[in-house]
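Trainee: Could you take me through a close look at one part of this model? I would like to start from a single side chain and then see what lies around the rest of the chain.

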Amino acid sequence: VVLLIPSLISKMIALRILRFEGGSISIQGRNVVFMPTDVLVRMHAELEEAGLVDPDQILFRLGRYQTETGSKRYLDARKDIARSMGSVSMTGDPALERGREVLKFTGWGDTRIESIQEGGRKITLRTIGSPIAKAYLDTRGKSGKPVCHYLRGLLLGVVESVHGPGYSVREVSCKACGTSDECIFELVRGD
Ligand SMILES: [Zn+2]
C-alpha cells in the first residue's frame, strides 16, 4: 500500500494532471487546495446552527458545482486522455475514467457503477471510503440519516455531464449511519 501512493502521484505528475507551482496546486488545469475533511462537516454544522438555510442542499449544490464545471475539462481532453489511459474497463469512457481516478486520488473515495438501468434513466453508484462519512463518524458519531451531501452533488454533476440534465439523486445508504461500509447513491432521470 505504501508503494502504491507514490506511484499514483508520480503518474499524475508525469501526465501533468497534477502540478505544483509556487505555492499553487492544480489538477487538470484547475487550482485546488488540500482541506481537512472535518472542516466540511463543521461547515455543515455551522450552517445548521445559523438556522437560516438548508445546509444539506447548500453542500449538495457546491459538490454539484465542482463537477458540473469541472467535467468539461475532462470531456474536452478526451482524446489526449485516451492516449494515456491503459484501460477504461470501469466506465468505458476515458474522460469519465480519468475523472473517477481524480476523485479517488483527491480523497473522495472509490466510486463504482453498481448498475445502469433503463438506458441510463436509473443509475446506482457505490462509494467505498466516503471522506464525509468518515469525518462525520470521527467528529460527531453515528448519524440517523445520510450525510454525504457534497459527494452526492459531485456524483450528480458527473452523471449529468455525461448523460444530460434532469436527474435527481438520493443517498439510499450511508456509512455514517453505521449500517454499511459503503455509501449508495441512486440517480433517476425524470420524464
Ligand atoms: Zn455517505
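By relative accessibility, does S71 count as buried or exposed?

Mentor: Happy to! One thing to keep in mind is that this is a predicted model. S71 counts as buried, because its relative accessibility is 10% and the cut-off for buried is under 20%. You will find S71 in helix α3. Its side chain has a partner: a polar contact of 3.3 Å joins the side chains of S71 and S161.

Let's stay with the helix that carries S71. Helix α3 covers residues 55-76, and it also holds R64 and E68, which are 4 residues apart. These two form a salt bridge, with 3.8 Å between the closest N and O atoms. Why can they be paired along one helix? R64 and E68 are separated by about one helical turn, because they are 4 residues apart in α3. R64 counts as partly exposed at 22% relative accessibility, and E68 is also partly exposed, at 41%. Compare that with S71, which is buried at 10%.

The same helix takes part in a surface feature as well: α3 supplies at least two residues of a nonpolar patch, and α2 (37-50) likewise supplies at least two. The patch is formed by V33, M35, V39, M43, L52, V53, I58 and L62, and together they have about 700 Å² of accessible area. One of these residues, V33, sits in the loop between β3 (30-32) and α2. V33 is exposed because its relative accessible area is 67%, and the cut-off for exposed is over 50%.

Now for salt bridges elsewhere in the model, which holds 19 of them. A helical example is the one between E101 and R98, where the closest N and O atoms are 3.1 Å apart. Those two residues lie in helix α5 (residues 94-105), 3 residues apart, or about one turn of the helix. Here E101 and R98 are both buried, whereas R64 and E68 are each partly exposed. There is also a network of salt bridges, which links R100, K104, D110 and R112. A further salt bridge joins the side chains of K175 and D181, at 3.5 Å from N to O. D181 is exposed, with a relative accessible area of 59%.

That brings us to the metal. The zinc ion has four protein donors, C148 (SG), E171 (OE), C174 (SG) and C183 (SG), which lie 2.0 to 2.3 Å from the ion. Which geometry does the site of the zinc ion have? The site is tetrahedral, with angles of 98 to 116 degrees among its 4 donor atoms. Along the sequence, the donor residues follow the spacing C-x22-E-x2-C-x8-C. The pair C148 and C183 links distant parts of the chain: C148 is in the loop between α6 (131-140) and α7 (149-163), while C183 is in strand β7 (residues 182-189), 35 residues apart. C148 counts as buried at 0% relative accessibility, and C183 is buried too, with a relative accessible area of 0%.

Before we finish, have a look at some loops and their backbone. R16 has a positive phi of about 60 degrees although it is not a glycine. The loop that holds R16 runs between α1 (4-14) and β1 (18-21), and R16 counts as exposed at 54% relative accessibility. Q28 is another residue other than glycine with a positive phi, near 50 degrees. Q28 is in the loop between β2 (24-27) and β3. Unlike R16, which is exposed, Q28 is buried, with a relative accessible area of 17%.

Last comes G119, in the loop between β4 (110-117) and β5 (122-128). G119 counts as exposed at 75% relative accessibility. How far is G119 from G190 in sequence and in space? The two are 71 residues apart in sequence and 13 Å apart in space, C-alpha to C-alpha.

To come back to your starting point: S71 is buried, at 10% relative accessibility, and its side chain makes a polar contact with that of S161.

Technical notes
Residues numbered from 1 in each chain as written. Predicted model: local features only at pLDDT ≥ 70, side-chain atom pairs only at ≥ 80, totals over all residues. Heavy atoms only, no water. Patch = residues over 30% accessible without salt bridge, like charges linked within 9 Å, V, L, I, M, F, W, Y side chains within 5 Å. Areas by Shrake-Rupley, 256 points an atom, 1.4 Å probe, with all protein chains shown as cover. Salt bridge = Lys/Arg side-chain N within 4 Å of Asp/Glu carboxyl O. Buried < 20%, exposed > 50% of the residue type's maximum accessible area, 1.4 Å probe, protein only. Donors = N, O, S within 2.8 Å, 3.2 Å for Na, K, Ca; no water. Tetrahedral: all angles 85-135°; square planar, octahedral: opposite > 155°, others 65-115°. Polar contact = N/O pair within 3.5 Å; in protein donor to acceptor, adjacent residues only side chain to side chain.
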